[in-house]
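Me: I'd like to go through the salt bridges and one helix in this model, and hear the reasoning behind each label. Could you take me through it?

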Amino acid sequence: MATQNIAVYCGASSGNKIIYTEAAKALGTWIAERNARLIYGGAQVGLMGTVADTVLAHDGQVIGVMPGFMSQQELVHPGLTEMIKVDTMSARKAKMIELADVFIALPGGPGTLEEMSEVISWARIGQQNGPCIFYNVAGYYDLLQQFLAHMVSEGFLTQVDFEKYLFTDSFSVMASFIKDYQPPKIREY
């Protein structure tokens with residue numbers, strides 16, 4: 001069986017609650033224990049650095065994807081299995097989607113939200129087939145889940161598509177979701 005590539009989107013900061021850092025460590029451990037490969041933004045700071053450090057500490061593989069202009073700011077994690085340099089943030093997002101089989105969001109800011117929104121949108125139009133999971137640490141993504149449900153009630157998102165996104169803080173639920181995941185069928189417009 002091929003190694004599963006798990007893209008993780010998260011903050012380049014650690015937030016203001018220790019539970020976010022603990023969750024990043026737990027996710028890194030879970031990824032390594034699954035013998036999966038971490039695909040992420042390549043930084044050594046914030047939750048990004050924590051999840052990468054944890055995967056590496058468990059002898060896992062970590063691939064970073066970073067635009068050249070960011071790597072010049074000394075954000076690059078020095079211990080990565082592989083660093084892929086790209087030209088732009090758009091190229092970074094596209095490369096991460098290309099490489100990954102599964103997409104998980106830890107808590108993060110607007111960049112994390114943008115990246116997961118793109119992954120979700122691309123799934124809806126058949127441009128990526130992986131499951132989208134929001135690691136809902138301490139209810140961090142509750143409001144987003146409510147907003148997506150509101151999109152369903154207002155007719156801008158189908159219930160079927162809404163059910164393709166998982167909000168959980170349970171690794172066993174994540175593992176089952178990944179195992180049983182069926183990509184969305186492309187709708188004709």
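Me: Why is the pair E114 and K93 called a salt bridge?
Reply: A salt bridge needs a side-chain nitrogen of Lys or Arg within 4 Å of a carboxyl oxygen of Asp or Glu. The side chains of E114 and K93 meet at 2.6 Å, N to O, so the pair meets that definition. Please keep in mind that this is a predicted model, where local features need pLDDT of at least 70, side-chain atom pairs count only at pLDDT 80 or more, and totals for chains, interfaces and linings use all residues. Side-chain values use heavy atoms, with hydrogens and water left out, and residues are numbered from 1 along each chain as its sequence is written.

Me: What makes E114 and K93 a tie between parts of the chain?
Reply: E114 sits in helix α5 (residues 110-124) and K93 in helix α4 (residues 89-99), so their pairing ties together parts that are 21 residues apart in sequence. Helices here are DSSP runs (H or I, at least four residues), and strands are too (E, at least two), numbered from the N terminus.

Me: How do you know whether K93 is buried or exposed?
Reply: Buried means under 20% relative accessible area, exposed over 50%, and partly exposed in between (1.4 Å probe, protein chains only). K93 has 10%, so it is buried. Its partner E114, at 44%, is partly exposed.

Me: Why does the pair R124 and D161 count as a salt bridge?
Reply: Their side chains meet at 2.8 Å, N to O, so the pair fits the definition. This pair links distant parts of the chain, with R124 in helix α5 and D161 in helix α7 (residues 159-162), 37 residues apart. R124 is partly exposed at 21% relative accessibility, while D161 is buried at 2%.

Me: What makes D180 and K179 a salt bridge?
Reply: The N to O distance between these side chains is 3.7 Å, so this pair qualifies too. K179 has 70% relative accessibility, so it counts as exposed. The structure holds 5 salt bridges.

Me: How do you know that the buried residues of α8 line one face?
Reply: The buried residues of helix α8 (residues 171-180) are M174, F177 and I178. Seen down the axis, they fall within an arc of 95 degrees, so they line one face of the helix; the arc is that of the directions from the helix axis to the C-beta atoms. On the other side of α8, S172, K179 and D180 are exposed.
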